[in-house]
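Colleague: Could you take a close look at one part of this model for me, and then show me how it sits in the rest of the chain? I'd be glad of a connected account rather than a list.

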Amino acid sequence: MSRRRRVFKRRREPDPVYQSFVISKFVNKMMIGGKKSVARGLFYQALQDFAAKVKAEDPLQAFEQALENAKPSLEVKTRRIGGANYQVPVEIPSDRRAALAMQWIINFSRAKPGRGMKEALAAELTDCFNNQGSTIKKKDDTHRMAEANKAFAHYKW
């Protein structure tokens, strides 16, 4: 943390097609090597494939629902207290929840073997929309770990 002054979040531009800040942030996280136009093209194609798979009239609403299903609400943070390390469950702020969900979706899409990013991203979004797949499993594992360490919740501050 800076001791000089408060750091303010910069205002992001919405994406050009859907005028959504969420999509803009997702594309920025997806981008590799500053190639935003490539990331946008892949994302919009994947979004169209995803909307066709789930039979959604509005791809933006379907995407937001898939992202909402992937967002975790609890995580564990390590706290050192009296020489022992405890995994303390804490609630996640809303901006971090969205960032974690986006990271998980993108990372699991990239990890799918034998597919291009467009097909893999569409498949991962479909899985998230249907509450299944790698991203949902990761979210459940995170929640399960927080539940298992509920006894240490009084160390939260």
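Modeller: Happy to! Let's start with a polar contact of 3.2 Å, which links the side chain of Lys 112 to that of Glu 124. Please keep in mind that this is a predicted model. Lys 112 sits in the loop that runs between helix 4 and helix 5. Setting aside residues up to four places away in sequence, Lys 112 touches Ala 120, Ala 123, Asp 127 and Glu 124 itself.

From that loop we can step to the nonpolar core. The largest one contains 27 residues, and Phe 26, Phe 43, Phe 50 and Phe 63 have the most contacts inside it. Five helices each supply at least two of its residues: helix 1 (21–30), helix 2 (36–54), helix 3 (59–70), helix 4 (94–111) and helix 5 (117–129). Helix 2 gives the most, with seven residues. So which residues does Phe 50 contact, leaving aside its neighbours within four places in sequence? They are Ala 62, Phe 63, Ala 66, Ala 122, Leu 125, Thr 126 and Phe 129.

Helix 1 offers another useful residue to look at, since Lys 29 has its place there. Is Lys 29 buried or exposed? It falls in between: Lys 29 counts as partly exposed because its relative accessible area is 28%, while buried would mean under 20% and exposed over 50%. Not counting residues up to four places away in sequence, Lys 29 touches Ala 99, Met 102, Gln 103, Ile 106 and Arg 110. If you want a longer ruler across the model, take Lys 29 and Met 145: they are 116 residues apart along the chain, and 26 Å separates their C-alpha atoms.

Now for the empty space. The structure has one cavity of 30 Å³ or more, and the largest cavity holds about 40 Å³ of space. Its lining is made up of Asp 15, Ser 24, Val 27, Asn 28, Lys 36, Arg 40 and Tyr 44. Helix 1 and helix 2 each contribute at least two residues to that lining. By class, the cavity lining splits into three charged, two polar and two nonpolar residues.

The largest pocket, for its part, has about 490 Å³ of space. Fifteen residues line this pocket, and those lying nearest its centre are Lys 9, Arg 12, Phe 21, Lys 25 and Asp 95. At least two lining residues come from each of helix 1, helix 3 and helix 4. The pocket lining comprises nine charged and six nonpolar residues, with no polar ones.

Finally, here is the whole chain around these parts. The protein chain has six helices and two strands, and along the sequence they follow the pattern α-α-α-β-β-α-α-α. Taken along the principal axes, the C-alpha atoms fill a box of roughly 55 × 40 × 30 Å. Of the chain's 157 residues, 36% count as buried. Among contacts with a separation of 6 or more, 60% are between residues 24 or more positions apart.

To come back to where we began, the part you might like to bring up on screen is the side-chain pair Lys 112 and Glu 124, with its polar contact of 3.2 Å. From there, Lys 112 leads you to Ala 120, Ala 123 and Asp 127, which are among the residues it touches.

Conventions: Residues numbered from 1 in each chain as written. Predicted model: local features only at pLDDT ≥ 70, side-chain atom pairs only at ≥ 80, totals over all residues. Heavy atoms only, no water. Core = buried A, V, L, I, M, F, W, Y, C linked by side-chain atoms within 4.5 Å. Buried < 20%, exposed > 50% of the residue type's maximum accessible area, 1.4 Å probe, protein only. Helix = DSSP H or I, 4+ residues; strand = E, 2+ residues; numbered from the N terminus. Contact = heavy atoms within 4.5 Å. Polar contact = N/O pair within 3.5 Å; in protein donor to acceptor, adjacent residues only side chain to side chain. 1 Å grid on protein atoms, 1.4 Å probe; cavity = no way out; pocket = protein on both sides within 12 Å on 5 of 7 lines; lining within 4 Å. Points joined across faces, edges and corners; volume = space filled by probe spheres on them. Nonpolar A, V, L, I, M, F, W, Y, C, P; charged D, E, K, R; others polar.
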